[in-house]
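Work through the exercises below with the model open. Try each task before reading its solution.

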Amino acid sequence: MDSQTIITILSVTLPLIGAGIGYLLKSNIEKKKELTNEITKERRAIYQQYVNLMIGIFANTKANKKNNPDKMLTDLYEFYKKYVLYASPKVIIAFSDYFQFMYHQNENEETDSKQHLLYMTKIMAEMRKDLGLKNNDLGKNGQKLMRALIKDYDVIIG
């Protein structure tokens, strides 16, 4: 084969190979984007359940209804089963930290409302980050996320 034939073959095959590789890369990127969108939708729905649960606790407290700790724990376990596959590692860690705190609270028979609030809002702040939202001016652990629900917020948070 002479050099002219090789150049002709290369000038035809290289663009075809390049186009094939480009198509595969684009297809792969589109699949990842689609999966990410589905995961984000699932996260939003699951995270909303957590927010509803936490706000429900505060609404019951405001209405002078006694919160049932066992029901709350059961609801949190149900939430955990749903979110563990979709949540980011930081949300999982924040949620696990809150559970560890609650396990030790049951042992000590003490309740520290400020610590509960800090753990709950840390989870919410991590969820917001996970969804691409900013937490500027919401406090180090997102404490101000619950400010509208607590009458003496400044006394509790300090």
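**Exercise 1. Sort the lining of the second largest pocket into nonpolar, polar and charged residues.**

Step 1. Fix the classes. Ala, Val, Leu, Ile, Met, Phe, Trp, Tyr, Cys and Pro count as nonpolar, Asp, Glu, Lys and Arg as charged, and the others, Gly among them, as polar.

Step 2. Find the pocket. On a 1 Å grid over the protein atoms alone, a pocket is an open set of points where a 1.4 Å probe fits, with protein on both sides within 12 Å along at least five of seven lines; lining residues have an atom within 4 Å of a point.

Step 3. List the lining: Arg44, Tyr47, Gln48, Val51, Ile55, Met124, Met127, Arg128, Leu131, Leu133, Leu145 and Met146. Helices α1 (3-62) and α4 (113-130) each give two or more of these. Helices are DSSP runs (H or I, at least four residues), numbered from the N terminus. The largest contribution, five residues, is from α1.

Step 4. Count. The lining has nine nonpolar, one polar and two charged residues.

The model is predicted: local features need pLDDT of at least 70, side-chain atom pairs count only at pLDDT 80 or more, and totals for chains, interfaces and linings use all residues. Residues are numbered from 1 along each chain as its sequence is written, and side-chain values use heavy atoms, with hydrogens and water left out.

**Exercise 2. Identify which helix supplies the largest share of the largest nonpolar core.**

Step 1. Define the core: buried (under 20% relative accessible area, 1.4 Å probe, protein chains only) Ala, Val, Leu, Ile, Met, Phe, Trp, Tyr and Cys residues joined through side-chain atoms within 4.5 Å.

Step 2. Take the set. It has 25 residues, with Tyr50, Met54, Leu76, Phe95 and Tyr98 making the most contacts inside it. At least two residues come from each of α1, α2 (69-83), α3 (89-108) and α4.

Step 3. Read off the share. Helix α3 leads with seven residues.

**Exercise 3. Trace the salt-bridge network that includes Glu126.**

Step 1. Apply the cut-off: a side-chain nitrogen of Lys or Arg within 4 Å of a carboxyl oxygen of Asp or Glu.

Step 2. Pair the residues. Glu126 bridges to Lys122 at 3.0 Å. Lys129 also meets Glu126, at 3.5 Å (N to O).

Step 3. Check burial. Glu126 is buried at 6% relative accessibility. Lys122, at 28%, is partly exposed (between 20% and 50%). Lys129 is partly exposed too, at 47%.

Step 4. Join the pairs. Lys122, Glu126 and Lys129 form the network.
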